[in-house]
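These are my notes from going through one chain. I wrote down what I looked up and what came back.

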Amino acid sequence: MFLLTKSELEVMNVIWKAGKPVSRNDIISLSENKTWKDSSIHILLNGLLKKEAIREDGFVRCGKVFGRLFSPNISCEEYYAEEVFSAGGKESIPALLSALLRRDDLDDALFDEMEEILKEKRKERNKTK
């Protein structure tokens, strides 16, 4: 697993939200309240490529030249799950789940969906035993 800097995380959030391969120019234009300069995008993207957080996913014509497209190698949810697990280990999962469930904006449909996920995961685990 890799750790992302604040600026890298800002770039990843743009890539995750886009839901499709994005170019350097797309990332710059879609970034709101960014803490990095436009001229830093090349360094940030190369760092993310080196960490294997993103991959090249084709090319797009940008004016007279072609630019690379980038896609994530890990979902937002997977990244944050790894962050939580690496920070607190499996012992922290019940406390995290409890904290999430205390939110007032959760509805019964979400609880039903989470119950179904747990049931399916338990079935998968029981099949492998």
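Which residues does Ser 23 touch, not counting residues up to four places away in sequence? I found Val 60, Arg 68 and Leu 69. The model is a predicted one, and I kept that in mind for every entry below.

**Entry: Ser 23.** I looked up its place and found Ser 23 in strand 1, which covers residues 22-23. I then checked its exposure: Ser 23 has a relative accessible area of 4%. The cut-off for buried is under 20%, so Ser 23 counts as buried.

**Entry: the chain as a whole.** I counted 6 helices and 3 strands in the protein chain. Read along the sequence, I get the pattern α-β-α-α-β-β-α-α-α. For overall dimensions I took the C-alpha atoms, which fill a box of roughly 55 × 35 × 30 Å along the principal axes. The radius of gyration is 19 Å, whereas a compact globule of 129 residues would have one near 14 Å. I also looked up burial, and buried residues make up 25% of the 129 residues. The accessible surface comes to about 9,600 Å², with 54% of it belonging to carbon and sulfur atoms. Last, I took the contacts between residues at least 6 apart in sequence; 52% of these join residues at least 24 apart.

**Entry: helix 1.** I checked the length of helix 1 next. It has 13 residues and reaches 19 Å from its first C-alpha to its last, close to the 18 Å expected at 1.5 Å a residue. I listed its buried residues as Ser 7, Glu 8, Leu 9, Glu 10, Val 11, Met 12, Val 14, Ile 15 and Trp 16. What do the buried residues of helix 1 pack against? I noted strand 1, helix 2 (24-30), helix 3 (41-50), strand 2 (54-62), strand 3 (65-72) and helix 4. After helix 1 comes Gly 19, and I read a positive phi there, near 70 degrees.

**Entry: helix 1 against helix 4.** I looked at how helix 1 (residues 6-18) and helix 4 (residues 76-88) pack, and found an angle of about 145 degrees with the axes 10 Å apart. From helix 1 the contact uses Leu 9, Asn 13 and Trp 16, and from helix 4 it uses Cys 76, Tyr 79 and Tyr 80. Sorted by class, this contact has 5 nonpolar residues, 1 polar and no charged ones.

**Entry: positive phi outside glycine.** Most residues other than glycine have a negative phi. I therefore wrote down Asn 33, which is not a glycine and has a positive phi of about 55 degrees. Asn 33 sits in the loop between helix 2 and helix 3. Is Asn 33 buried or exposed? I read 75% relative accessibility, so Asn 33 counts as exposed. Glu 52 also went on the list, with a positive phi of about 65 degrees although it is not a glycine. I placed Glu 52 in the loop between helix 3 and strand 2. At 57% relative accessibility, Glu 52 counts as exposed.

**Entry: His 42.** I found His 42 in helix 3. Its relative accessible area is 44%, so I entered His 42 as partly exposed. How far apart in space are His 42 and Arg 24, C-alpha to C-alpha? I got 7.8 Å, for two residues that are 18 apart in sequence.

Technical notes: Residues are numbered from 1 along each chain as its sequence is written. This is a predicted model: local features need pLDDT of at least 70, side-chain atom pairs count only at pLDDT 80 or more; totals for chains, interfaces and linings use all residues. Side-chain values use heavy atoms; hydrogens and water are left out. Axes are lines fitted to C-alpha atoms, for helices over the stretch in contact, and angles run from 0 to 180 degrees between N-to-C directions. Helices (H or I, at least four residues) and strands (E, at least two) are DSSP runs, numbered from the N terminus. Contact means heavy atoms within 4.5 Å. Ala, Val, Leu, Ile, Met, Phe, Trp, Tyr, Cys and Pro count as nonpolar, Asp, Glu, Lys and Arg as charged, and the others, Gly among them, as polar. Buried means under 20% relative accessible area, exposed over 50%, partly exposed in between (1.4 Å probe, protein chains only). The radius of gyration is taken over C-alpha atoms; the globule rule is 2.2 Å times the number of residues to the power 0.38. Accessible areas come from the Shrake-Rupley method with a 1.4 Å probe; for residues, only the protein chains shown count as cover. The expected span of a helix is 1.5 Å times one less than its number of residues.
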